[in-house]
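Biologist: Before we go into details, I would like to learn how to read the empty spaces and the sheet of a model such as this one. Could you take me through them in turn?

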Amino acid sequence: MRTRRHKSYHDSEFKHPHFHPSMSSAKLPIFLTGATGYIGGSILQRLLAHPNKDTFQITALVRNADKAKRLESEFGVKTVVGTLQDFDILAGASENAHVVIHTADSRDADAIKAILKGLKARHEKTSDLPLLIHTSGLGAIGDDSQGEYVTEKIWSDLNAREIDSLPPTAVNSGVHSLITAADDAGYVRSYIILPGYIYGVATGPLFDGGISNPHTVLTPLLVHIALQHGKVAVLNKGVSQWGAVRIDDMTDFYLRLFDTLLSTPEKVSHGREGYFFGANGEVSILEVMKIYAKTLFEDGRIPSAEVAHFSVEEMGKYYGNEFLPRIVFSNTRALAERGRREVGWAPKHETKDLLEELPAEIRLILKKLDESKKVAA
(Lines give C-alpha, C1' and ligand atoms only; values in the text may rest on other atoms or scores of the structure.)
Protein backbone atom coordinates (compact mmCIF):
# COMPACT_ATOMS: atom_id res chain seq x y z
CA MET A 1 0.00 0.00 0.00
CA ARG A 2 1.22 3.50 -0.77
CA THR A 3 2.20 5.44 2.31
CA ARG A 4 2.74 8.92 0.89
CA ARG A 5 0.93 11.42 3.06
CA HIS A 6 -2.26 12.94 1.61
CA LYS A 7 -3.61 16.31 2.55
CA SER A 8 -6.57 15.74 4.81
CA TYR A 9 -9.60 17.99 4.59
CA HIS A 10 -8.83 19.00 8.16
CA ASP A 11 -5.20 19.93 7.42
CA SER A 12 -4.46 23.62 7.71
CA GLU A 13 -3.07 23.76 4.17
CA PHE A 14 -6.25 22.38 2.59
CA LYS A 15 -7.40 24.68 -0.22
CA HIS A 16 -10.39 24.96 -2.49
CA PRO A 17 -11.67 27.86 -4.59
CA HIS A 18 -14.67 28.92 -2.54
CA PHE A 19 -13.20 29.75 0.86
CA HIS A 20 -9.98 30.44 2.67
CA PRO A 21 -8.82 27.39 4.68
CA SER A 22 -8.52 29.41 7.88
CA MET A 23 -12.24 30.16 7.92
CA SER A 24 -13.97 28.15 10.65
CA SER A 25 -17.19 28.20 8.62
CA ALA A 26 -15.58 26.37 5.71
CA LYS A 27 -17.64 23.41 4.49
CA LEU A 28 -16.47 20.27 2.76
CA PRO A 29 -17.73 20.32 -0.85
CA ILE A 30 -19.12 16.94 -1.97
CA PHE A 31 -20.50 16.09 -5.41
CA LEU A 32 -22.71 13.02 -5.72
CA THR A 33 -24.10 11.37 -8.84
CA GLY A 34 -26.95 8.87 -8.74
CA ALA A 35 -28.67 10.56 -5.80
CA THR A 36 -32.12 9.38 -6.87
CA GLY A 37 -30.90 5.82 -7.35
CA TYR A 38 -30.51 2.82 -5.09
CA ILE A 39 -26.88 3.16 -4.00
CA GLY A 40 -26.58 6.92 -4.41
CA GLY A 41 -29.79 7.58 -2.50
CA SER A 42 -28.61 5.33 0.32
CA ILE A 43 -25.29 7.18 0.53
CA LEU A 44 -26.96 10.60 0.41
CA GLN A 45 -29.31 9.60 3.19
CA ARG A 46 -26.38 8.58 5.39
CA LEU A 47 -24.49 11.79 4.61
CA LEU A 48 -27.56 13.81 5.62
CA ALA A 49 -27.63 11.94 8.94
CA HIS A 50 -23.87 12.15 9.50
CA PRO A 51 -22.70 13.65 12.82
CA ASN A 52 -20.74 16.25 10.83
CA LYS A 53 -23.49 16.96 8.29
CA ASP A 54 -23.47 20.66 9.10
CA THR A 55 -19.90 20.85 7.82
CA PHE A 56 -20.80 19.37 4.42
CA GLN A 57 -21.86 21.21 1.29
CA ILE A 58 -23.51 18.47 -0.78
CA THR A 59 -24.31 18.93 -4.46
CA ALA A 60 -26.24 16.21 -6.30
CA LEU A 61 -26.65 15.64 -10.03
CA VAL A 62 -30.36 15.01 -10.68
CA ARG A 63 -32.15 14.40 -13.97
CA ASN A 64 -35.66 15.19 -12.73
CA ALA A 65 -36.26 18.89 -12.03
CA ASP A 66 -39.13 18.19 -9.62
CA LYS A 67 -36.99 15.83 -7.55
CA ALA A 68 -34.19 18.40 -7.61
CA LYS A 69 -36.53 21.02 -6.14
CA ARG A 70 -37.65 18.60 -3.42
CA LEU A 71 -34.06 17.71 -2.51
CA GLU A 72 -33.30 21.39 -2.11
CA SER A 73 -36.47 22.42 -0.25
CA GLU A 74 -36.97 19.33 1.94
CA PHE A 75 -33.42 18.11 2.52
CA GLY A 76 -31.18 21.11 1.98
CA VAL A 77 -29.20 19.46 -0.81
CA LYS A 78 -27.89 21.71 -3.55
CA THR A 79 -28.63 20.22 -6.97
CA VAL A 80 -27.58 20.58 -10.57
CA VAL A 81 -30.14 19.36 -13.09
CA GLY A 82 -28.64 17.29 -15.84
CA THR A 83 -27.54 13.87 -17.04
CA LEU A 84 -24.26 12.03 -17.45
CA GLN A 85 -24.24 13.32 -21.02
CA ASP A 86 -24.06 16.93 -19.81
CA PHE A 87 -20.27 16.93 -19.71
CA ASP A 88 -19.81 20.61 -18.90
CA ILE A 89 -22.11 20.27 -15.90
CA LEU A 90 -20.25 17.16 -14.71
CA ALA A 91 -16.87 18.83 -15.09
CA GLY A 92 -17.99 22.02 -13.38
CA ALA A 93 -19.58 20.30 -10.41
CA SER A 94 -16.54 18.04 -10.02
CA GLU A 95 -14.17 21.00 -10.12
CA ASN A 96 -16.08 22.52 -7.23
CA ALA A 97 -15.82 19.39 -5.04
CA HIS A 98 -13.11 17.97 -2.82
CA VAL A 99 -14.96 14.63 -2.77
CA VAL A 100 -16.77 13.16 -5.78
CA ILE A 101 -18.88 10.05 -5.17
CA HIS A 102 -19.93 8.57 -8.50
CA THR A 103 -22.71 5.97 -8.26
CA ALA A 104 -24.39 6.36 -11.64
CA ASP A 105 -23.55 4.42 -14.82
CA SER A 106 -20.32 2.55 -14.08
CA ARG A 107 -19.61 1.89 -17.78
CA ASP A 108 -19.89 5.46 -19.06
CA ALA A 109 -16.33 6.37 -20.03
CA ASP A 110 -17.28 9.82 -21.35
CA ALA A 111 -18.89 10.73 -18.02
CA ILE A 112 -15.75 9.69 -16.16
CA LYS A 113 -13.62 11.73 -18.54
CA ALA A 114 -15.76 14.79 -17.73
CA ILE A 115 -15.49 14.18 -13.98
CA LEU A 116 -11.72 13.73 -14.20
CA LYS A 117 -11.44 16.88 -16.32
CA GLY A 118 -13.10 18.83 -13.53
CA LEU A 119 -10.97 17.26 -10.80
CA LYS A 120 -7.79 17.97 -12.76
CA ALA A 121 -8.80 21.62 -13.18
CA ARG A 122 -9.45 21.83 -9.44
CA HIS A 123 -6.03 20.44 -8.63
CA GLU A 124 -4.23 22.74 -11.07
CA LYS A 125 -6.04 25.85 -9.86
CA THR A 126 -6.06 25.22 -6.09
CA SER A 127 -3.40 22.56 -5.33
CA ASP A 128 -6.16 20.59 -3.63
CA LEU A 129 -5.87 16.82 -4.06
CA PRO A 130 -9.50 15.77 -4.63
CA LEU A 131 -10.92 12.33 -3.90
CA LEU A 132 -12.90 10.22 -6.37
CA ILE A 133 -14.98 7.33 -5.04
CA HIS A 134 -16.19 5.43 -8.09
CA THR A 135 -18.80 2.68 -8.13
CA SER A 136 -18.04 -0.24 -10.44
CA GLY A 137 -19.20 -3.82 -9.81
CA LEU A 138 -18.06 -7.40 -9.36
CA GLY A 139 -19.12 -8.05 -12.94
CA ALA A 140 -15.63 -6.77 -13.75
CA ILE A 141 -14.15 -10.06 -12.51
CA GLY A 142 -16.89 -12.23 -14.02
CA ASP A 143 -15.87 -15.19 -16.14
CA ASP A 144 -17.56 -16.49 -19.28
CA SER A 145 -18.98 -19.65 -17.70
CA GLN A 146 -22.44 -18.89 -19.16
CA GLY A 147 -24.17 -20.76 -16.34
CA GLU A 148 -22.43 -24.06 -17.11
CA TYR A 149 -20.27 -24.44 -13.99
CA VAL A 150 -19.19 -22.90 -10.69
CA THR A 151 -15.55 -21.91 -10.85
CA GLU A 152 -13.08 -22.69 -8.09
CA LYS A 153 -11.48 -19.29 -8.64
CA ILE A 154 -12.08 -16.92 -5.72
CA TRP A 155 -10.77 -13.39 -6.03
CA SER A 156 -9.42 -11.23 -3.20
CA ASP A 157 -9.30 -7.45 -3.38
CA LEU A 158 -5.96 -7.61 -1.57
CA ASN A 159 -4.55 -8.87 -4.87
CA ALA A 160 -4.91 -5.46 -6.50
CA ARG A 161 -2.38 -6.24 -9.21
CA GLU A 162 -4.58 -9.05 -10.53
CA ILE A 163 -7.63 -6.78 -10.62
CA ASP A 164 -5.70 -3.95 -12.25
CA SER A 165 -4.43 -6.39 -14.89
CA LEU A 166 -7.88 -7.39 -16.13
CA PRO A 167 -8.01 -7.48 -19.93
CA PRO A 168 -9.57 -4.59 -21.87
CA THR A 169 -12.52 -6.87 -22.67
CA ALA A 170 -13.48 -7.14 -18.97
CA VAL A 171 -16.58 -5.22 -17.88
CA ASN A 172 -15.69 -1.66 -16.82
CA SER A 173 -11.99 -2.21 -17.55
CA GLY A 174 -11.77 0.88 -19.74
CA VAL A 175 -13.27 3.11 -17.06
CA HIS A 176 -10.98 1.64 -14.40
CA SER A 177 -7.98 2.45 -16.60
CA LEU A 178 -9.02 6.08 -16.98
CA ILE A 179 -9.42 6.45 -13.23
CA THR A 180 -6.16 4.78 -12.22
CA ALA A 181 -4.25 6.76 -14.85
CA ALA A 182 -5.58 9.96 -13.29
CA ASP A 183 -4.36 8.78 -9.89
CA ASP A 184 -0.97 7.96 -11.42
CA ALA A 185 -0.84 11.49 -12.84
CA GLY A 186 -1.17 12.84 -9.31
CA TYR A 187 -4.19 15.14 -9.58
CA VAL A 188 -6.70 12.87 -7.86
CA ARG A 189 -6.82 10.06 -5.32
CA SER A 190 -9.10 7.32 -6.62
CA TYR A 191 -11.00 4.50 -4.92
CA ILE A 192 -12.88 1.97 -7.05
CA ILE A 193 -15.71 0.10 -5.32
CA LEU A 194 -16.94 -3.19 -6.79
CA PRO A 195 -20.20 -4.25 -5.11
CA GLY A 196 -21.54 -7.72 -5.78
CA TYR A 197 -25.21 -8.70 -5.97
CA ILE A 198 -26.75 -5.97 -3.82
CA TYR A 199 -30.04 -6.93 -2.20
CA GLY A 200 -32.64 -5.57 0.19
CA VAL A 201 -35.26 -2.83 -0.03
CA ALA A 202 -33.77 0.56 0.83
CA THR A 203 -35.79 2.54 3.37
CA GLY A 204 -35.75 6.01 4.85
CA PRO A 205 -36.96 9.53 4.03
CA LEU A 206 -35.56 9.72 0.48
CA PHE A 207 -37.07 6.37 -0.45
CA ASP A 208 -40.32 6.75 1.45
CA GLY A 209 -40.79 10.14 -0.19
CA GLY A 210 -40.38 8.73 -3.70
CA ILE A 211 -37.20 10.66 -4.45
CA SER A 212 -34.80 7.72 -4.60
CA ASN A 213 -35.33 4.21 -5.98
CA PRO A 214 -35.62 1.62 -3.17
CA HIS A 215 -34.77 -1.35 -5.40
CA THR A 216 -31.66 -2.53 -7.14
CA VAL A 217 -32.06 -2.30 -10.92
CA LEU A 218 -31.94 -6.08 -11.37
CA THR A 219 -34.89 -7.14 -9.21
CA PRO A 220 -37.69 -5.17 -10.95
CA LEU A 221 -36.10 -6.02 -14.30
CA LEU A 222 -36.22 -9.76 -13.63
CA VAL A 223 -39.83 -9.52 -12.46
CA HIS A 224 -40.83 -7.53 -15.55
CA ILE A 225 -39.09 -9.93 -17.95
CA ALA A 226 -40.64 -12.98 -16.26
CA LEU A 227 -44.12 -11.45 -16.49
CA GLN A 228 -43.54 -10.48 -20.11
CA HIS A 229 -42.50 -14.01 -21.15
CA GLY A 230 -44.60 -15.98 -18.66
CA LYS A 231 -41.60 -17.80 -17.22
CA VAL A 232 -38.33 -17.44 -15.37
CA ALA A 233 -35.35 -18.52 -17.48
CA VAL A 234 -31.72 -19.30 -16.71
CA LEU A 235 -28.73 -19.52 -19.02
CA ASN A 236 -27.83 -23.16 -19.77
CA LYS A 237 -27.61 -24.97 -16.39
CA GLY A 238 -28.01 -21.66 -14.56
CA VAL A 239 -25.26 -22.47 -12.08
CA SER A 240 -23.05 -19.57 -11.08
CA GLN A 241 -21.98 -17.95 -7.82
CA TRP A 242 -22.01 -14.25 -7.04
CA GLY A 243 -20.59 -12.35 -4.11
CA ALA A 244 -23.51 -10.62 -2.42
CA VAL A 245 -24.07 -7.77 0.03
CA ARG A 246 -27.09 -6.10 1.62
CA ILE A 247 -27.69 -2.45 0.71
CA ASP A 248 -27.27 -1.13 4.25
CA ASP A 249 -23.98 -2.98 4.68
CA MET A 250 -22.76 -1.66 1.34
CA THR A 251 -23.73 1.88 2.30
CA ASP A 252 -21.91 1.46 5.59
CA PHE A 253 -18.75 0.66 3.64
CA TYR A 254 -19.00 3.90 1.66
CA LEU A 255 -19.43 5.93 4.82
CA ARG A 256 -16.55 4.20 6.59
CA LEU A 257 -14.35 4.85 3.57
CA PHE A 258 -15.50 8.47 3.45
CA ASP A 259 -14.79 9.04 7.14
CA THR A 260 -11.38 7.39 6.98
CA LEU A 261 -10.36 9.43 3.95
CA LEU A 262 -11.17 12.63 5.82
CA SER A 263 -9.39 11.65 9.03
CA THR A 264 -6.52 9.29 8.20
CA PRO A 265 -6.28 8.97 4.40
CA GLU A 266 -2.80 7.46 4.60
CA LYS A 267 -4.42 4.26 5.89
CA VAL A 268 -6.33 3.70 2.65
CA SER A 269 -4.97 2.28 -0.62
CA HIS A 270 -5.71 4.26 -3.77
CA GLY A 271 -5.18 4.19 -7.50
CA ARG A 272 -3.97 0.85 -8.84
CA GLU A 273 -4.07 -0.55 -5.32
CA GLY A 274 -7.40 1.03 -4.39
CA TYR A 275 -9.90 -1.63 -5.44
CA PHE A 276 -12.51 -2.59 -2.85
CA PHE A 277 -14.93 -5.51 -3.23
CA GLY A 278 -18.37 -5.27 -1.66
CA ALA A 279 -19.46 -8.76 -0.65
CA ASN A 280 -20.20 -10.76 2.46
CA GLY A 281 -20.63 -14.36 1.34
CA GLU A 282 -21.94 -15.60 -1.97
CA VAL A 283 -25.20 -16.77 -3.46
CA SER A 284 -26.22 -19.29 -6.10
CA ILE A 285 -27.89 -17.47 -8.99
CA LEU A 286 -29.86 -20.62 -9.82
CA GLU A 287 -31.26 -20.65 -6.29
CA VAL A 288 -32.20 -16.99 -6.65
CA MET A 289 -33.99 -17.60 -9.94
CA LYS A 290 -35.91 -20.50 -8.45
CA ILE A 291 -37.24 -18.11 -5.80
CA TYR A 292 -38.46 -15.76 -8.54
CA ALA A 293 -40.22 -18.65 -10.28
CA LYS A 294 -41.76 -20.03 -7.10
CA THR A 295 -42.99 -16.64 -5.87
CA LEU A 296 -44.47 -15.56 -9.21
CA PHE A 297 -46.15 -18.95 -9.62
CA GLU A 298 -47.62 -18.87 -6.12
CA ASP A 299 -49.04 -15.43 -6.84
CA GLY A 300 -50.64 -16.65 -10.07
CA ARG A 301 -48.43 -14.52 -12.32
CA ILE A 302 -46.77 -17.32 -14.33
CA PRO A 303 -48.01 -20.86 -15.13
CA SER A 304 -45.07 -22.84 -13.72
CA ALA A 305 -42.74 -22.75 -10.72
CA GLU A 306 -40.01 -24.42 -12.77
CA VAL A 307 -37.22 -22.41 -14.37
CA ALA A 308 -36.63 -22.73 -18.10
CA HIS A 309 -33.12 -23.45 -19.39
CA PHE A 310 -32.19 -21.32 -22.40
CA SER A 311 -29.19 -21.05 -24.72
CA VAL A 312 -27.28 -17.79 -25.13
CA GLU A 313 -29.31 -16.95 -28.25
CA GLU A 314 -32.61 -17.69 -26.51
CA MET A 315 -31.56 -15.65 -23.48
CA GLY A 316 -30.69 -12.80 -25.82
CA LYS A 317 -34.31 -12.71 -26.94
CA TYR A 318 -35.57 -13.18 -23.37
CA TYR A 319 -33.50 -10.30 -21.95
CA GLY A 320 -33.39 -8.22 -25.11
CA ASN A 321 -29.61 -8.59 -25.31
CA GLU A 322 -26.96 -11.24 -24.73
CA PHE A 323 -24.69 -9.05 -22.62
CA LEU A 324 -26.78 -8.98 -19.44
CA PRO A 325 -27.46 -12.74 -19.10
CA ARG A 326 -23.78 -13.49 -19.69
CA ILE A 327 -22.97 -11.18 -16.78
CA VAL A 328 -25.71 -12.50 -14.50
CA PHE A 329 -24.72 -16.10 -15.15
CA SER A 330 -21.00 -15.56 -14.74
CA ASN A 331 -19.06 -16.36 -11.56
CA THR A 332 -17.93 -13.48 -9.36
CA ARG A 333 -16.66 -15.25 -6.27
CA ALA A 334 -14.93 -12.64 -4.15
CA LEU A 335 -13.42 -12.01 -0.73
CA ALA A 336 -13.90 -8.39 0.37
CA GLU A 337 -10.85 -8.11 2.60
CA ARG A 338 -9.40 -4.67 1.93
CA GLY A 339 -12.37 -2.76 3.33
CA ARG A 340 -12.29 -4.79 6.51
CA ARG A 341 -8.57 -4.19 6.91
CA GLU A 342 -8.32 -0.53 5.95
CA VAL A 343 -11.59 1.13 7.02
CA GLY A 344 -12.97 -1.34 9.57
CA TRP A 345 -15.92 -2.51 7.49
CA ALA A 346 -17.98 -5.07 9.40
CA PRO A 347 -21.03 -6.20 7.36
CA LYS A 348 -23.80 -7.71 9.47
CA HIS A 349 -25.99 -9.52 6.96
CA GLU A 350 -25.37 -12.89 5.33
CA THR A 351 -26.63 -14.18 2.01
CA LYS A 352 -29.29 -16.29 3.72
CA ASP A 353 -30.98 -12.93 4.35
CA LEU A 354 -31.17 -12.40 0.59
CA LEU A 355 -33.00 -15.70 0.09
CA GLU A 356 -35.35 -15.01 2.98
CA GLU A 357 -36.18 -11.43 1.96
CA LEU A 358 -36.49 -11.86 -1.80
CA PRO A 359 -40.08 -13.18 -1.95
CA ALA A 360 -41.35 -10.14 -0.04
CA GLU A 361 -39.47 -7.76 -2.34
CA ILE A 362 -40.83 -9.50 -5.43
CA ARG A 363 -44.37 -9.14 -4.05
CA LEU A 364 -43.74 -5.47 -3.25
CA ILE A 365 -42.71 -4.88 -6.86
CA LEU A 366 -45.81 -6.73 -8.09
CA LYS A 367 -47.97 -4.52 -5.86
CA LYS A 368 -46.39 -1.39 -7.32
CA LEU A 369 -46.92 -2.68 -10.86
CA ASP A 370 -50.59 -3.36 -10.12
CA GLU A 371 -51.03 0.11 -8.63
CA SER A 372 -49.39 1.78 -11.62
CA LYS A 373 -51.72 -0.09 -13.98
CA LYS A 374 -54.74 1.14 -12.00
CA VAL A 375 -53.48 4.72 -12.23
CA ALA A 376 -52.86 4.35 -15.96
CA ALA A 377 -56.35 2.94 -16.46
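Biologist: How do the residues of the lining of the largest cavity divide into nonpolar, polar and charged?

Modeller: Please keep in mind that this is a predicted model. Rolling a probe the size of a water molecule over the atoms shows where empty space is left. In this case the lining of the largest cavity divides into nine nonpolar residues, with no polar and no charged ones. Those residues are Leu 222, Ile 225, Ala 226, Val 232, Ala 233, Met 289, Tyr 292, Tyr 318 and Tyr 319, and the elements that contribute two or more of them are α8, α10 (285-298) and α11 (312-319). The largest share, three residues, comes from α8, and the volume of the cavity is about 50 Å³.

Biologist: How many cavities of 30 Å³ or more does the structure hold?

Modeller: The structure holds one cavity of that kind.

Biologist: Turning to the pockets, which residues lie nearest the centre of the largest pocket?

Modeller: Of the 47 residues that line the largest pocket, Ala 104, Asp 105, Ser 106, Thr 216 and Val 217 lie nearest its centre. The elements that give two or more residues to this lining are α1 (38-48), β2 (56-62), β8 (197-199), α8 (218-229) and α12 (323-328), with the largest share, four residues, coming from α12. The space in this pocket is about 1500 Å³, and its lining has 21 nonpolar, 21 polar and five charged residues.

Biologist: What volume does the second largest pocket have, and which residues are closest to its centre?

Modeller: Its volume is about 220 Å³, and among the 15 residues that line the second largest pocket, Gly 142, Asp 143, Thr 169, Val 171 and Ile 327 are the closest to its centre. The lining divides into eight nonpolar, four polar and three charged residues.

Biologist: In what order do the strands of the open sheet follow one another?

Modeller: Strands of a sheet pair through backbone hydrogen bonds, either parallel or antiparallel. Here seven strands form an open sheet with parallel pairing, in the order β3-β2-β1-β4-β5-β7-β11. β3 (78-81) and β11 (275-278) are the edge strands, each pairing on one side only, and the twist from one strand to the next averages 20°. Within the sheet, β1 (residues 28-33) and β4 (residues 99-102) run parallel and are joined by four bridges, with Ile 30 standing opposite Val 99 in β4.

Biologist: Which strands does α1 lie across?

Modeller: Helix α1 lies across β1, β2, β4 and β5 (131-135), running at about 160° to β2. Helix α2 (residues 65-75) also packs on the sheet, where it touches β2 and β3, and its direction makes about 170° with that of β3.

Note on methods. Residues are numbered from 1 along each chain as its sequence is written. This is a predicted model: local features need pLDDT of at least 70, side-chain atom pairs count only at pLDDT 80 or more; totals for chains, interfaces and linings use all residues. Side-chain values use heavy atoms; hydrogens and water are left out. On a 1 Å grid over the protein atoms alone, a cavity is a set of points where a 1.4 Å probe fits but cannot get out, and a pocket is an open set with protein on both sides within 12 Å along at least five of seven lines; lining residues have an atom within 4 Å of a point. Grid points are joined across faces, edges and corners, and a volume is the space filled by probe spheres set on the points. Ala, Val, Leu, Ile, Met, Phe, Trp, Tyr, Cys and Pro count as nonpolar, Asp, Glu, Lys and Arg as charged, and the others, Gly among them, as polar. Two strands pair if DSSP finds at least two bridges between them. Axes are lines fitted to C-alpha atoms, for helices over the stretch in contact, and angles run from 0 to 180 degrees between N-to-C directions. Contact means heavy atoms within 4.5 Å.
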